[in-house]
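Student: I'd like to go through this one with you and ask what stands behind each label. Can we take it step by step?

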Amino acid sequence: MSTKKTPVPVIIGADLNCYNVARAFHEEYGVTSYAFGRYEIGATKASKFIKFITVPTMDTDETFLEVVNKFYDDNKSDDKVFFILGCTDDYANLIARNAEKLRPRFVVPYSSMDIMDDFVSKERFYKACDKHGILYPNTKIFYTDSDYSLTTEENLGFKYPIIVKPANSVTYWKHSFDGMNKVYVADSKERADEIIKTIFASGYDDSIILQDMIPGDDSRMYVLTAYCGKDAKVKMMCLGHVLLEEHTPKGRGNHAAIIPEYKPELCKGFKMFLEDIGYVGFANFDIKYDTRDNKYKVFEINTRQGRSNFYVTGSGHNIARLFVEDYLYNNPLDEDIAKNEHLWMVVPKQVAYKYAPEYKARMKRLIKDGRYVNPLWFKPDNDPERIYRLIRSQLAHFVKFKKYLKK
């Protein structure tokens with residue numbers, strides 16, 4: 001393809017992930033992104049480089065194909081190449097399962113649906129980890145017809161408190177109920193049983209993960225982002241040391257502050273895993289360091305760029321450039337493991353300092369050195385409505401952290 005062609009990002013989603021991807025494209029190529037989702041939320045509202053279109057049934061195959069094909073017909077030209085990207089597991093799967101219908105018009109940088117299906121379920125992901133020697137916490141699987149005697153410490157094989165979470169988050173979020181959490185902590189068999197029964201009563205009918213709770217605070221967490229090129233070879237890996245996470249019921253585990261760290265031996269195992277299965281596109285792993293045996297253990301894989309993907313772009317590895325160099329310009333990408341120390345956060349500095357005090361000096365040094373980004377604050381994106389909403393959202397973190405992370 002000619003290098004004169006312009007990339008046009010078509011993003012399915014509306015959250016921070018969407019904004020991060022759009023900002024990466026805008027910084028690198030000066031282009032506007034077009035985003036489609038069921039409803040608009042704060043991260044993408046009133047942005048000057050995102051044109052958001054609300055489509056209430058965007059998560060259905062029929063509507064999705066109708067909407068994106070019409071968009072293509074209305075905007076196609078010889079000097080444009082359209083990239084279609086999902087910002088949630090649901091949307092990434094939606095794109096992947098319709099890939100063959102989309103590819104004549106769009107660049108679809110995703111693995112086959114066989115691979116995507118294997119990893120949308122944590123249960124199937126753990127089976128793949130067993131095969132490839134990737135460690136994960138001690139785990140039991142609870143099915144709709146399992147006996148509740150499974151939840152005794154004797155049968156689990158590990159002690160309370162434990163983690164309880166749905167194996168299939170895509171299906172889980174389609175069955176909303178009061179008190180719904182992203183992940184649950186059960187401090188007793190009685191509480192675990194109550195959580196399981198509540199989840200199944202919502203209509204969710206996939207398996208549930210019961211997992212050993214690795215000790216330690218947010219700073220034991222890591223996030224690994226990898227980009228696998230269209231040749232199914234890993235081109236870039238960026239390991240982020242998570243300093244702080246959100247702790248609201250539906251946001252638990254969302255990253256709030258990250259500093260990339262260079263650990264090539266840890267990355268090596270995941271590189272072999274991804275290349276062995278023939279993975280294509282972005283993959284994002286949640287990992288925790290277990291001080292009991294000094295080993296890193298993975299929780300899950302997201303078959304897309306993660307919500308916090310701008311920690312990668314901020315460290316000098318613009319994610320949009322990876323897509324475009326690989327698919328549009330057909331330029332070879334050398335294998336690269338990120339080394340740059342750079343602070344990414346989406347909460348006010350004072351919140352990060354207060355709730356991750358052991359890293360306060362390091363964060364202050366990086367900020368002083370100009371190696372810092374809050375992706376939501378972007379000088380060209382200065383619409384007054386956006387700034388007002390952003391200020392309110394940032395201030396709300398003081399209240400949320402005081403309520404949910406009592407330190």
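What follows is a conversation about the labels given to this structure and the values behind them.

Tutor: Before we start, keep in mind that this is a predicted model. Ask away.

Student: What makes the protein as compact as a globular protein of its length?

Tutor: Start with the make-up: the secondary structure comes to 15 helices and 17 strands. The radius of gyration is 21 Å, and the globule rule gives 22 Å for 407 residues, so the protein is as compact as a globular protein of that length. Along the principal axes, the C-alpha atoms fill a box of roughly 65 × 50 × 40 Å.

Student: How much of the protein is buried, and what does buried ask for?

Tutor: A residue has to be under 20% relative accessible area to be called buried. Of the 407 residues in the protein, 56% are buried. As for the outside, the accessible surface comes to about 17700 Å², with 49% of that belonging to carbon and sulfur atoms.

Student: And the contacts, what share of them join residues at least 24 apart?

Tutor: That share is 68%, counted among contacts between residues at least 6 apart in sequence.

Student: Why is helix α3 called largely enclosed?

Tutor: Count the buried residues. Helix α3 covers residues 89-97, and eight of its nine residues are buried, so the rest of the structure largely encloses it. The buried ones are D89, D90, Y91, A92, N93, L94, I95 and A96.

Student: Take Y91 from that helix. How do you know that Y91 is buried?

Tutor: Its relative accessibility is 6%. The cut-off for buried is under 20%, so a residue with that value counts as buried. Leaving out residues up to four places away in sequence, Y91 touches I12, G13, G37, R38, M58, D59 and G86.

Student: How far is Y91 from Y39, going by C-alpha atoms?

Tutor: The C-alpha atoms of Y91 and Y39 are separated by 14 Å, and the two residues are 52 apart along the chain.

Student: What about A99, buried or exposed?

Tutor: Buried: A99 has a relative accessible area of 7%, set against the limit of under 20%. A99 is found in helix α4, residues 99-102. The C-alpha atoms of A99 and Y110 are 8.2 Å apart, with their positions 11 residues apart along the chain.

Student: Then why is A46 called partly exposed?

Tutor: Partly exposed sits between under 20% for buried and over 50% for exposed. A46 has a relative accessible area of 22%, so A46 is partly exposed. N330 gets that label too, at 40% relative accessibility.

Student: What else is notable about the backbone of A46 and N330?

Tutor: Phi is positive in A46, near 60 degrees, although A46 is a residue other than glycine. N330 is not a glycine either, and its phi is positive at about 55 degrees. A46 lies in the loop between β2 and β3, while N330 is in the loop between α12 and β15.

Student: Which residues does the cis peptide bond join, and what is omega there?

Tutor: The bond joins Y160 and P161, with omega at about 5 degrees. P161 is in the loop between α7 and β7.

Student: Now the empty space. What makes something a cavity here, and how many are there?

Tutor: A cavity is a set of points where a 1.4 Å probe fits but cannot get out. Counting those of 30 Å³ or more gives two cavities. The largest has a volume of about 80 Å³, and the second largest has about 40 Å³, so both volumes pass the cut-off.

Student: Which residues line the largest cavity, and which element supplies the largest share?

Tutor: The lining is D89, F119, V120, K122, F125, S169, E300, I301, N302 and T303. Three elements, α5, α6 and β14, each supply at least two residues. The largest share, three residues, comes from β14. By type, the lining divides into four nonpolar, three polar and three charged.

Student: And what lines the second largest cavity?

Tutor: That lining is E246, H247, T248, H397, K400, F401, Y404 and L405. By type, there are three nonpolar, three polar and two charged residues.

How values were computed:
Residues are numbered from 1 along each chain as its sequence is written. This is a predicted model: local features need pLDDT of at least 70, side-chain atom pairs count only at pLDDT 80 or more; totals for chains, interfaces and linings use all residues. Side-chain values use heavy atoms; hydrogens and water are left out. On a 1 Å grid over the protein atoms alone, a cavity is a set of points where a 1.4 Å probe fits but cannot get out, and a pocket is an open set with protein on both sides within 12 Å along at least five of seven lines; lining residues have an atom within 4 Å of a point. Grid points are joined across faces, edges and corners, and a volume is the space filled by probe spheres set on the points. Helices (H or I, at least four residues) and strands (E, at least two) are DSSP runs, numbered from the N terminus. Ala, Val, Leu, Ile, Met, Phe, Trp, Tyr, Cys and Pro count as nonpolar, Asp, Glu, Lys and Arg as charged, and the others, Gly among them, as polar. The radius of gyration is taken over C-alpha atoms; the globule rule is 2.2 Å times the number of residues to the power 0.38. Buried means under 20% relative accessible area, exposed over 50%, partly exposed in between (1.4 Å probe, protein chains only). Contact means heavy atoms within 4.5 Å. Accessible areas come from the Shrake-Rupley method with a 1.4 Å probe; for residues, only the protein chains shown count as cover.
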